[in-house]
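Student: I would like to go through the reasoning behind some labels with you. Could we take them one by one?

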Amino acid sequence: GLHLPPSPSPSPSPPRAAGATRGGFSPLAFPHRRGPPPPRPPCAPFAPASFRGYNLLRDPRYNKGLAFNERERETHYLRGLLPPAIVSQELQERKIMHNIRQYQLPLQKYMAMMDLQEGNERLFYKLLIDNVEELLPVVYTPTVGEACQKYGSIFSRPQGLYISLKEKGKILEVLKNWPERSIQVIVVTDGERILGLGDLGCQGMGIPVGKLALYTALGGVRPSACLPITLDVGTNNEALLNDEFYIGLRQKRATAQEYADFLHEFMTAVKQNYGEKVLIQFEDFANHNAFELLAKYGTTHLVFNDDIQGTASVVLSGLVAALKLVGGSLSEHSYLFLGAGEAGTGIAELIALEISRQTKAPIEECRKKIWLVDSKGLIVSSRKETLQHFKKPWAHEHEPVGNLLDAVKTIKPTVLIGTSGKGQTFTQEVVEAISSFNERPVIFALSNPTSQSECTAEQAYTWSKGRAVFASGSPFDPVEYDGKIYVPGQANNAYIFPGFGLGVVMSGAIRVHDDMLLAASEALAQQVTQENFDKGLTYPPFSNIRKISAHIAANVAAKAYELGLASRRPRPKDLVKYAESCMYSPLYRNYR
């Protein structure tokens with residue numbers, strides 16, 4: 001929950017100005033207020049004296065709008081600054097949801113939600129938690145992709161911290177400009193590979209902001225403990241460089257040593273300013289940088305790459321659940337990926353790790369059950385000399401195969417996974433081919449946003465004649481085929497990273513280990529009920545997400561304690577209850 005700072009002692013001098021708010025605007029406290037504040041009974045939380053009156057209504061952390069009661073209005077100088085009506089948080093929520101539903105365009109809904117976050121933080125999170133299935137696609141994928149593309153045009157107030165090449169040599173000073181001191185989770189991007197949309201430069205800030213909103217709403221991490229950061233090292237997107245509304249540096253991307261030095265200064269400054277136990281989540285970096293950063297800082301910092309590790313964990317969980325519908329163990333199936341970037345190789349590696357753990361076979365043997373197709377065709381050993389380092393473990397002995405359809409016919413996989421970032425690549429021929437030799441083909445079309453999905457839910461069910469076990473990265477509506485309703489699963493990273501982050505934070509973990517990702521997968525798969533299976537679902541409904549996150553956090557924390565990576569002692573007896581007790585509540589506090 002929110003821990004408010006203690007009240008300043010009474011003083012005849014004017015109250016000092018408040019610290020900067022998350023929206024970057026902090027008017028001075030009224031200078032004409034004199035004397036001690038009214039007496040406060042020792043009962044409930046209170047608003048700091050410097051946030052009285054007009055300032056209190058302008059600070060999103062403390063503002064309650066018309067929900068301030070008579071006593072609070074009197075005590076905190078709000079008389080006349082609000083209409084006389086007093087309404088409950090529930091009524092405020094109903095009104096705003098009604099207004100949001102009037103908008104026709106998802107981007108309008110996104111902007112309304114961001115305005116609410118900047119005006120009334122607790123109401124924003126109450127809305128998001130209570131209407132998670134409806135609002136998740138608004139504040140996160142797919143709408144956040146469009147928001148990033150148009151971020152310069154819709155930009156009104158800064159959110160998060162922008163660190164550009166202009167700040168080289170001063171990054172520690174920039175971090176100190178952020179008003180919150182106790183940071184637990186940082187989500188950072190350089191905007192080079194935003195979803196399936198490519199290089200959006202500085203406008204990628206929508207991703208860290210959206211991710212951290214979910215860390216709070218779904219995982220219960222305090223909003224004040226979350227810090228979104230965009231590293232602006234330039235952009236190679238010509239359209240943005242020529243856009244008069246672009247908000248970032250107008251130069252080509254820094255690369256090689258200049259880029260490495262800038263990142264190293266950033267990582268060093270974060271550790272120096274916030275300590276060793278701040279979780280740094282790398283988000284939407286280009287493939288070559290993502291793998292390099294994870295390998296370089298994984299041993300010295302608490303780092304996590306959601307595109308590589310989070311995606312892998314959520315997909316492995318979906319596969320484990322899917323096998324309860326299809327039959328067989330992970331090691332008895334064969335896997336074919338379209339896409340061999342961060343997501344594809346990350347998922348493949350975690351599947352191989354889990355097969356190795358289950359069968360006790362060497363990981364090199366387990367990798368042979370997994371095949372990857374990239375833009376040049378099937379990855380085979382004859383291509384090894386020209387492959388990027390992260391693709392080399394997947395180069396198996398096989399004659400060259402030039403395209404996905406031929407690869408499906410040759411490999412005959414039981415599981416087809418798309419991480420290509422290219423829409424409509426699981427064609428009718430591909431789906432019909434995998435359905436011809438599988439009674440229940442498992443088809444995961446994971447690319448985001450919806451427009452980049454390898455196929456739609458309707459296509460998968462129709463072309464497989466209703467036999468596919470299907471999941472996607474972005475949401476699809478239920479599909480009716482041959483008189484039966486099919487509910488597609490959504491392999492959304494939002495199932496994993498909020499609970500994973502909470503588990504890391506509450507255990508005081510100092511490093512992320514692969515076994516913690518497997519623990520998160522396992523916990524998520526256990527939350528799929530028989531009722532979900534009966535509908536063909538491989539993931540539980542998002543309506544239970546906080547309960548799911550608590551179980552994931554408990555499993556991750558338990559693994560951190562088991563591996564000796566947890567620093568918070570003593571270990572809580574009941575980790576699930578402890579996780580629930582750590583979660584932020586969006587309910588209004590009473591101010592005395």
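Tutor: Gladly! One definition to start: UniProt positions are given in the numbering used here, and annotations may be inferred rather than shown by experiment. Keep in mind, too, that this is a predicted model. For "active site", the unreviewed UniProt entry lists Y140 and K211. Although spread over 72 residues of sequence, they cluster in space, with a largest C-alpha distance of 7.3 Å. The lining of the largest pocket takes in Y140 and K211.

Student: Why is Y140 called buried?

Tutor: Buried means under 20% relative accessible area. Y140 has 6%, so Y140 is buried. Its place is in the loop between α6 and α7.

Student: What makes the K211 and Y140 side chains a polar contact?

Tutor: The cut-off for a pair of N or O atoms is 3.5 Å. The side chains of K211 and Y140 are joined at 2.5 Å, so they qualify. K211, found in helix α10, is buried too, with a relative accessible area of 1%.

Student: Which residues does K211 contact, leaving aside neighbours within four places in sequence?

Tutor: Among them are Y140, D306, N493 and F497. Y140 is likewise in contact with D306 and F497.

Student: How do you know that T311 is buried?

Tutor: Its relative accessibility is 11%, and the limit is under 20%. T311 sits in helix α14 and touches D306, A343, I347 and N493, not counting residues up to four places away in sequence.

Student: What makes helix α20 largely enclosed by the rest of the structure?

Tutor: Eleven of its eleven residues are buried, so that description fits α20. F497 is one of those buried residues. Just after α20, G508 takes a positive phi of about 65 degrees.

Methods. Residues are numbered from 1 along each chain as its sequence is written. This is a predicted model: local features need pLDDT of at least 70, side-chain atom pairs count only at pLDDT 80 or more; totals for chains, interfaces and linings use all residues. Side-chain values use heavy atoms; hydrogens and water are left out. Buried means under 20% relative accessible area, exposed over 50%, partly exposed in between (1.4 Å probe, protein chains only). Helices (H or I, at least four residues) and strands (E, at least two) are DSSP runs, numbered from the N terminus. Contact means heavy atoms within 4.5 Å. On a 1 Å grid over the protein atoms alone, a cavity is a set of points where a 1.4 Å probe fits but cannot get out, and a pocket is an open set with protein on both sides within 12 Å along at least five of seven lines; lining residues have an atom within 4 Å of a point. A polar contact is a pair of N or O atoms within 3.5 Å; within protein, one must be able to donate a hydrogen and the other to accept it, and residues adjacent in sequence count only if both atoms are side-chain atoms.
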